[in-house]
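Please open the model in a viewer and keep the sequence panel at hand. The tour below proceeds by selection, with a short account of what is found at each stop.

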Amino acid sequence: MKGAASADESRWPAPAKLNLFLHVTGRRVDGYHELQTLFQLIALTDTIVIRVRADGAIERPEGPNDVPAESDLAVRAARALKAASGTALGATLRVLKRIPQGGGLGGGSSDAATTLVALNALWDCGLSTAELVALALPLGADVPVFIRGFSAWGEGIGERLTPVELPKRWFLIIHPGCAVSTREVFQSPELTRNSPLITIRGFFHSGGRNDCEPVVRARSAEVAAALDWLSRWAPARLTGTGSSVFAGFANAAEAERLAGRVPDRWQSFVARGLNTSPLHGQLRVRREA
């Protein structure tokens with residue numbers, strides 16, 4: 001059966017994230033933007049199926065059709081760890097996607113993080129979390145939050161993380177079937193780049209906003225339509241640079257009821273908010289076995 005793991009394979013979850021807010025507070029001399037955001041992990045996951053190989057090769061026979069294996073962040077993560085650790089081992093990776101690509105939900109970054117964390121254990125590399133984060137940063141600014149494995153307040157380019165215990169929420173996520181270029185959004189001249197710094201307490205008082213949302217609205221009629229539709233029923237927000245939009249609810253039933261009304265042309269998901277990653281729960285079980 002497609003997606004099933006064989007006896008010599010292990011399956012590892014790669015959860016998605018939402019940005020509950022995203023403020024752009026400045027631009028660095030290297031071109032990266034300084035941000036403040038709140039990462040909410042959610043129970044919408046890809047699965048990385050791994051088989052350790054003795055021949056040292058790293059292959060990805062199954063993954064997203066429009067991403068060549070050489071470009072896949074999971075493959076790049078495996079190769080970075082192999083080079084850093086000096087291991088003679090390799091891996092066959094199957095990347096089973098459920099998180100929409102190009103939707104601002106961090107799927108590729110999470111796949112890379114799960115690959116690093118899982119192979120660090122399976123190859124017995126012994127790298128610390130800080131060492132894995134250092135390896136991860138060239139792969140993407142969102143990768144560290146998935147490696148650390150908790151919902152977090154993020155600053156810098158998203159790598160300075162403070163764990164945050166968030167209230168129990170369920171989220172309706174709508175993916176409007178289009179992709180948004182993060183690079184184009186951050187290069188846009190109309191992007192706000194001087195939002196004042198706020199505190200965690202300030203966010204919980206005001207709710208913040210997503211500085212990228214006006215830019216994405218102006219460039220994508222479909223994202224604008226999804227935001228407008230969802231805003232009729234609940235406070236709606238773009239996650240990251242999009243294209244996915246979301247709203248939070250106190251219970252699953254409310255989110256499911258509204259999910260049933262989402263127009264057929266859009267993909268929708270209901271997912272519970274998580275404070276800790278299922279990846280790290282699986283890692284603990286493995287260590288205790």
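A polar contact is here a pair of N or O atoms within 3.5 Å, and within protein one of them must be able to donate a hydrogen and the other to accept it. The model is a predicted one.

**First stop: Thr241**

Select Thr241, in the loop that joins strand 8 (237-238) to strand 9 (245-249). Which side chain is the partner of the Thr241 side chain in a polar contact? The partner is the side chain of Thr182, at 2.8 Å, a value that satisfies the cut-off of 3.5 Å. Next, display the surroundings: leaving out residues up to four places away in sequence, Thr241 touches Val180, Thr182, Val185, Phe186, Cys212 and Val216. Is Thr241 buried or exposed? Its relative accessible area is 6%; because buried means under 20%, Thr241 counts as buried.

**Second stop: Glu9**

Move to Glu9, in the segment that precedes strand 1 (10-27). Glu9 has a relative accessible area of 18% and is therefore buried, the limit being under 20%. Add Arg94 to the selection: the side chains of Glu9 and Arg94 form a polar contact at 3.0 Å.

**Third stop: helix 1 and helix 2**

Select residues 73-85 for helix 1 and residues 107-122 for helix 2. The two helices pack at an angle of about 35 degrees, and their axes lie 8 Å apart. Their crossing is right-handed. To view the contact, show Leu73, Ala74, Ala77, Ala78 and Leu81 on helix 1. On helix 2, the residues that they meet are Gly108, Ser109, Asp111, Ala112, Thr115, Leu116, Leu119 and Asn120. Coloured by class, this contact comprises 8 nonpolar, 4 polar and 1 charged residues.

**Fourth stop: helix 3**

Continue to helix 3 (residues 129-136), where the buried residues are Leu132, Val133, Leu135 and Ala136. Turn the view to look down the axis of helix 3: these buried residues fall within an arc of 160 degrees, so they line one face of the helix. Then show what covers them, which includes helix 1, helix 2 and helix 4 (143-148).

**Last stop: Thr276**

Finally, select Thr276, in the loop between strand 10 (267-274) and helix 10 (278-288). Neighbours within four places in sequence aside, Thr276 is in contact with Leu41, Gly149 and Phe150. A distance may also be drawn from Thr276 to Val143: their C-alpha atoms are separated by 15 Å, and the two residues are 133 residues apart along the chain.

Key
Residues are numbered from 1 along each chain as its sequence is written. This is a predicted model: local features need pLDDT of at least 70, side-chain atom pairs count only at pLDDT 80 or more; totals for chains, interfaces and linings use all residues. Side-chain values use heavy atoms; hydrogens and water are left out. Axes are lines fitted to C-alpha atoms, for helices over the stretch in contact, and angles run from 0 to 180 degrees between N-to-C directions. Helices (H or I, at least four residues) and strands (E, at least two) are DSSP runs, numbered from the N terminus. A crossing is left-handed if the near helix is turned anticlockwise from the far one by less than a right angle, and right-handed if clockwise. Contact means heavy atoms within 4.5 Å. Ala, Val, Leu, Ile, Met, Phe, Trp, Tyr, Cys and Pro count as nonpolar, Asp, Glu, Lys and Arg as charged, and the others, Gly among them, as polar. Buried means under 20% relative accessible area, exposed over 50%, partly exposed in between (1.4 Å probe, protein chains only). The arc is that of the directions from the helix axis to the C-beta atoms.
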